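Colleague: Please take a close look at a single part of this model for me, and then tell me about its surroundings. I would like one connected account.

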Amino acid sequence: MTTTVATAATPHRQRATTDRAAAENRLGLKLVAPAVIVMLVVTAWPMIQALYLSLYRYRLTTPDDRAFVGLSNYGTILTDSLFWRDTLNTVLIMIVSVAVELVIGFIFAMVMHRVIFARGLIRTSILIPYGIITVVSAFAWQFAFSLNNGFVNSWFAWLPGIQTGADATNWFGHHWTAMFAIVVSEIWKTTPFMSLLLLAGLSQVSDDMLEAAQVDGATWWQRLWKVILPNMRAAIMVAVLFRALDAFRIFDNIYVMTKGAQNTESSSFLTYRQVIEQFQLGMGSALSVLLFLTVLLLAFGIVKLFRVDLARARGEG
């Protein structure tokens, strides 16, 4: 009799839980709907306008000469070696910066999570770079790598390849050294953001699982690879997704540090030159559309790569 009552009660509790989750989902949709509508209104018009202009040969200085060219702008861009070179630069900056930030950010997250003294001071110190405006950070790093008065050459002269004096290393005089300086400035600025997202994921890892693994004889590395990282997959995906999309749109650092010299342009910088410097609204709009589609595909690829069920990660599944 007791078994029958328990069996009958279980579906009732499951239905109650399901109804409650559905009600919460409906409430959530109602709460975010106004913001979603505003965002769509604000972003949809510029996107539609950019798509429309990309089908025209349109220079702002000669608006009367505007002519419909269809997909000709896209064909010109996709067959231009400059576009592919800048795309390669952008992808390289994104991959290197996000990979380094992921490692350093995880270390910082572990420190902020485990530290037991001066926790507030340590967390604040780690997060300070992210609070600095990107343009200010870029100017600071431009000064640091400067040939005449920068401190990088003098501080790291003991490393091979770095020289001082009359033959001082000119970081912005060559492609790869200039790219290195740009990547360093990007990593320094945004690693705290990565560590903050990873810290949120690290706080969700149960101490009971770690203690159970330790009791079973697992080493620290085994606990890291078998317990911590698998349970942080959702947080890692969000961190990589946000930073990859942001890094792919890099513009400020390049504009301040090199202005595209030494073949250091990014996709966003190429779009800026077409629209702002050369007034090519048609070609610039086509570049903007391609940049948007690339970011969209990048986001889709990252989500598919991690294969994270966010509902299950929130404990709903």
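Modeller: Happy to! Helices are DSSP runs of H or I with at least four residues, strands are runs of E with at least two, and both are numbered from the N terminus. This is a predicted model, in which local features need pLDDT of at least 70 and side-chain atom pairs count only at pLDDT 80 or more, while totals for chains, interfaces and linings use all residues. Residues are numbered from 1 along each chain as its sequence is written, and side-chain values use heavy atoms, leaving out hydrogens and water.

Let me take α9 as the part to look at. This helix covers residues 220-231, 12 residues in total. From first C-alpha to last, α9 reaches 15 Å, close to the 16 Å expected at 1.5 Å a residue (the expected span is 1.5 Å times one less than the number of residues). Four residues of α9 are worth picking out: R223, L224, V227 and I228 are buried (under 20% relative accessible area; exposed is over 50% and partly exposed in between, with a 1.4 Å probe and protein chains only). Looking down the axis of α9, you find its buried residues within an arc of 130°, so they line one face of the helix (the arc is that of the directions from the helix axis to the C-beta atoms). The face turned away from that buried side carries W221, W225 and K226, which are exposed.

What do the buried residues of α9 pack against? Their partners are α3 (81-114), α7 (175-202) and α8 (207-215) (contact means heavy atoms within 4.5 Å). Let me begin with α8. The pair α8 and α9 packs at an angle of about 165°, and their axes are 10 Å apart (axes are lines fitted to C-alpha atoms, for helices over the stretch in contact, with angles from 0 to 180 degrees between N-to-C directions). That angle makes α8 roughly antiparallel to α9 (over 145 degrees; under 35 is roughly parallel, 65 to 115 roughly perpendicular and the rest oblique). On the α8 side, M209, L210, A213 and Q214 make the contact, and on the α9 side it is made by R223, V227, I228 and N231. R223, V227 and I228 should look familiar, as they are among the buried residues of α9. The crossing of α8 past α9 is right-handed (the near helix is turned clockwise from the far one by less than a right angle; anticlockwise is left-handed).

Now to the other two partners, α3 and α7, and how they sit relative to each other. Their axes come within 6 Å and cross at roughly 40°, and α3 and α7 are therefore oblique to each other. This crossing, too, has a hand: α3 and α7 cross in a right-handed way.

Helix α7 has a further neighbour in α4 (residues 119-131), and these two pack at about 130° with axes 6 Å apart. The helices α4 and α7 are therefore oblique to each other, and α4 passes α7 in a left-handed crossing. From α4 come R123, I126, L127, P129 and Y130, which meet W188, K189, T190, P192, F193, S195, L196 and L199 of α7.

Between α7 and α8 there is a loop, and S203 lies in it. S203 counts as partly exposed, at 43% relative accessibility. The C-alpha atom of S203 is separated by 9.2 Å from that of M232, 29 residues apart along the chain.

Let me go back to α3 (81-114) for one more link. Helix α12 takes in residues 267-277, and S267 has its place there. S267 is buried, its relative accessible area being 8%. Leaving aside residues up to four places away in sequence, S267 touches D86, T87, T90 and L291.

On either side of α12 you will find a backbone detail to check. In the loop between α11 (252-257) and α12 sits N263, whose phi is near 55°, a positive value in a residue other than glycine. N263 is partly exposed, at 39% relative accessibility. The loop between α12 and α13 (281-306) holds F279, not a glycine either, with a positive phi of about 60°. F279 is partly exposed as well, with a relative accessible area of 32%.

Helix α13 itself has 26 residues and reaches 38 Å from first C-alpha to last, close to the 38 Å expected. Just after α13, R307 takes a positive phi of about 50°.
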